[in-house]
Amino acid sequence: MQASALAAALAALLLTAPAVAQQGAYFHKKFDGTIGDKLKFSMDLKNVDGVISGTYRYAGKKSELFLKGKAAPDGTLVMDEQLAFNPTVTGRLRAVLRDGSLQGSWQSPDGGKNLPLVAHQTSEIIIPPKKALLAGAVGKYRLSAIQGFGGANTMWDLSRDSKGRWSGSESSISGGTRQGGDMGLSKSDEKLLASTLVEVLPDLSVRLSAGGKLLLTVPFREEGMEYGLREAFDDNLKALSPRTTVWDEQLYLLAQENTTFYRSLYTALVEDQPARVLLRYSVVSASFELTIKPAGCCDNAVLTFARSN
């Protein structure tokens with residue numbers, strides 16, 4: 001029953017044919033097209049609350065060009081083209097998205113060269129309703145990775161291999177250079193890591209446990225999230241609110257402050273002050289992510305949970 005529900009959700013997620021899409025605050029589409037007479041390209045565009053980001057690649061080329069810009073309610077997209085790790089604008093694209101097609105132009109930065117741009121939609125990521133998403137996600141998700149940052153410059157990264165064995169490394173800056181080494185995990189650490197999991201139950205509630213201890217339960221609600229923050233979780237998530245359900249291909253389940261349950265998890269955090277926590281489900285990768293930020297400056301840990309076979 002669970003397997004069939006998951007298959008149905010995944011089938012709804014990726015469409016392989018063009019579709020007439022309503023212009024709104026979100027879309028994620030792929031296109032094939034041409035600039036001028038001969039320059040064929042493939043393009044991947046995402047619109048989140050009117051902000052466009054994406055990439056495109058010319059046929060036969062290995063490197064991608066990066067796009068960022070704005071989407072208007074009428075379907076007009078205005079985007080700057082840039083190389084990777086380079087803020088210099090190398091071109092500007094202006095096109096109208098309508099009925100699965102892009103029509104517009106590419107322009108050189110100085111405006112001296114204009115070429116027609118035409119593309120057709122080849123696929124689209126469709127976000128199902130929350131109930132359908134969680135119905136397809138029923139099951140267990142084992143902790144698979146931890147990434148963290150602590151103090152002035154310490155970083156750590158742990159992962160579980162295909163045989164369930166954990167290993168990790170950490171690094172910090174000393175004498176002007178970053179130096180690293182393996183993290184020593186005790187038998188009790190490994191046991192705690194192996195026992196940490198997220199479960200989606202048949203009633204669509206979500207719970208977190210570790211060491212045989214239930215730490216958190218998020219009951220199902222049709223819309224919105226469990227929200228208990230007095231200020232934004234961080235600068236990148238100012239759009240979150242109690243009404244947030246799915247934003248930028250993430251299903252948001254819980255955002256709370258002054259929590260202490262994370263002390264029962266292995267995180268490698270040194271701080272043990274009450275923390276802000278964020279629990280979300282990635283629609284595309286079908287994985288859970290728990291972000292922990294103890295009170296203070298910069299310490300944080302991100303725990304990723306992958307579905308168990």
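User: Why are Asp189, Leu193 and Ser195 in helix 3 called buried?

Analyst: In this predicted model, these three residues of helix 3 (187–195) count as buried because each has under 20% relative accessible area (over 50% would be exposed, in between partly exposed; 1.4 Å probe, protein chains only). Helices (H or I, at least four residues) and strands (E, at least two) are DSSP runs, numbered from the N terminus. Residues are numbered from 1 along each chain as its sequence is written, and side-chain values use heavy atoms, without hydrogens or water. Local features need pLDDT of at least 70 and side-chain atom pairs 80 or more, while totals for chains, interfaces and linings use all residues.

User: What covers the buried residues of helix 3?

Analyst: The cover includes strand 10 (139–150), strand 12 (166–174), strand 14 (197–200) and strand 15 (206–210).

User: What makes strand 10 and strand 14 a pair?

Analyst: Pairing takes at least two DSSP bridges. Strands 10 and 14 have four and run antiparallel, so they pair. Tyrosine 141 stands opposite valine 198 there.

User: Which residue is the bridge partner of arginine 142 in strand 22?

Analyst: Alanine 306. Eight bridges join strand 10 to strand 22, again antiparallel.

User: What joins strand 10 to strand 11?

Analyst: Six bridges, in an antiparallel arrangement, with phenylalanine 149 opposite methionine 155. Three residues lie between the strands of this hairpin, where glycine 151 takes a positive phi near 60°.

User: Where does pLDDT stay under 50?

Analyst: Over residues 1–24, on a confidence scale from 0 to 100. Where pLDDT is low, predicted coordinates should not be read in detail. The chain averages 89, and 92% of the residues score at least 70.

Notes
Contact = heavy atoms within 4.5 Å. pLDDT = per-residue confidence, 0-100.
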